[in-house]
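Subject: Structure for your review

Hello,

Here is the structure we talked about handing over. My notes on what was found follow below it.

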Amino acid sequence: MHAIPPGSTVAVIGSGAMGAGIAQVAATAGHQVLLFDTRADAADTAIAGIGKTYAKLVEKGRMGAVESDLARERLKRIASLHEAASAVLVIEAIVESLDAKRFLFAELEGIVGQHCILATNTSSISVTAIGAQLKHPERLVGMHFFNPVPLMALVEVISGLATGRDVANVVHATAESWGKSPVHAKSTPGFIVNRVARPYYAEALRLLLEQAADVATLDAVMRDCGGFRMGPFELMDLIGHDVNFSVTNSVFAAYYNDPRFTPSILQQELVSAGFLGRKTGRGFYRYGDDVAKLAP
Ligand code: NAI
């Protein structure tokens, strides 16, 4: 199956942490990339951030100056979803809410062409459910990237019950052509990684509540001795507690409140306080100048 060719237009809806990363990867791969967000300056901020990343890559000799300029020029903010009409692939990276995603895709269906593929970056919501009310649910597929998108190779290509095989194959081939390592998976709650990772967070949170050890010790043990790339708390801070709490709730509900997936009161508290992790400067750790310090 052929990948979506460079030069064609990819629209990214939602320009937060994930949308910005996806837009960067798509622009680097040669696509015209349209970014949309309901937050006034989010898309411009994302594009400015990507520009800075490209400049750093040029400085380090990992990207040519001309290549970087061209990729930067391929990124464009759009002020209305209607401007996404020319897209052949739309990737949604908005808030982790079934209603919000359904609403968005219903609107997009009335805007894009009949061959446009609609992809969701949802971490945990059923792709079958997101697509269920569409006129053409066969063109809705999960394209689940990992954070930070430019660095993480894995992309889970998620097929809901109605997803067309060709659609999943095109998205798989496209992710490969973007330098990623995609895998096909069926739409089950949490898919592969978020399902396996739930107990990693849940047990770490239980250990903390039982005062077995502090955050830094638990992270250090798993990172430095356990062989994990990141400890559970620093990883939750990176993901964002709003996002991670939504994913926990969604997996818990999808498995009929299986106690293994019970959300932690600590997650609820962090979200209520607005301590969402790196993106707000505070989560389990405090952040400033890219240096993580233990939150008191
Ligand atoms: P974020 O909070 O950084 O960004 C979400 C953006 O979407 C915000 O800028 C918000 O203004 C915008 N938005 C919300 N509703 C919108 C709408 N209806 N139309 C257009 N824009 C809208 O969140 P993040 O971390 O980028 O996550 C986005 C999606 O990606 C979620 O579904 C999340 O579960 C998924 N995801 C997140 C990962 C993570 O590590 N943070 C990893 C993989 C997937």
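In this predicted model, the ligand is surrounded by 28 residues. Gly14, Gly16, Met18, Ser123 and Asn147 are the closest of them. By class, the shell around the ligand is made up of 15 nonpolar, ten polar and three charged residues.

Three helices each supply at least two residues of that shell: H1 (17-28), H4 (98-109) and H10 (241-254). The most comes from H1, which gives three residues.

Where does the ligand lie with respect to the domains? Domain 1 (9-186) and domain 2 (198-290) both contribute residues to the shell, so the ligand lies between them.

On the domains themselves: the protein chain is divided into these two, domain 1 covering 9-186 and domain 2 covering 198-290. Their centres, taken over C-alpha atoms, are 26 Å apart. In the contact between them, six residues of domain 1 meet nine residues of domain 2. The side of domain 1 that touches domain 2 has two nonpolar, three polar and one charged residues.

Two of the helices that line the ligand also pack against other helices, as follows.

H1 and H2: the axes of H1 and helix H2 (residues 42-59) come within 10 Å and cross at roughly 50°. An angle from 35 to 65 degrees is neither roughly parallel nor roughly perpendicular, and H1 and H2 are therefore oblique to each other. The crossing of H1 with H2 is right-handed. On the H1 side the contact is made by Gly19, Ala20, Ala23 and Gln24, and on the H2 side by Ala46, Gly49, Ile50 and Thr53. This contact of H1 with H2 has four nonpolar and four polar residues, and no charged ones.

H10 and H11: the axes of H10 and helix H11 (residues 265-273) come within 9 Å, with a crossing angle of roughly 140°. That angle makes H10 oblique to H11. H10 and H11 cross in a left-handed sense. H10 brings His241, Asp242, Asn244, Phe245 and Thr248 to the contact, and H11 brings Gln267, Gln268, Leu270 and Val271. The residues of the contact of H10 with H11 divide into three nonpolar, five polar and one charged.

In short, the ligand lies between domain 1 and domain 2, and H1, H4 and H10 are the helices that each supply at least two residues of its shell.

Regards

Methods: Residues numbered from 1 in each chain as written. Predicted model: local features only at pLDDT ≥ 70, side-chain atom pairs only at ≥ 80, totals over all residues. Near = placed C-beta within 6 Å. Helix = DSSP H or I, 4+ residues; strand = E, 2+ residues; numbered from the N terminus. Nonpolar A, V, L, I, M, F, W, Y, C, P; charged D, E, K, R; others polar. Domains from an automatic or database assignment. Axes fitted to C-alpha atoms, helices over the stretch in contact; angles between N-to-C directions. Parallel < 35°, antiparallel > 145°, perpendicular 65-115°, else oblique. Left-handed = near helix turned anticlockwise from the far one by under 90°. Contact = placed C-beta atoms within 7 Å.
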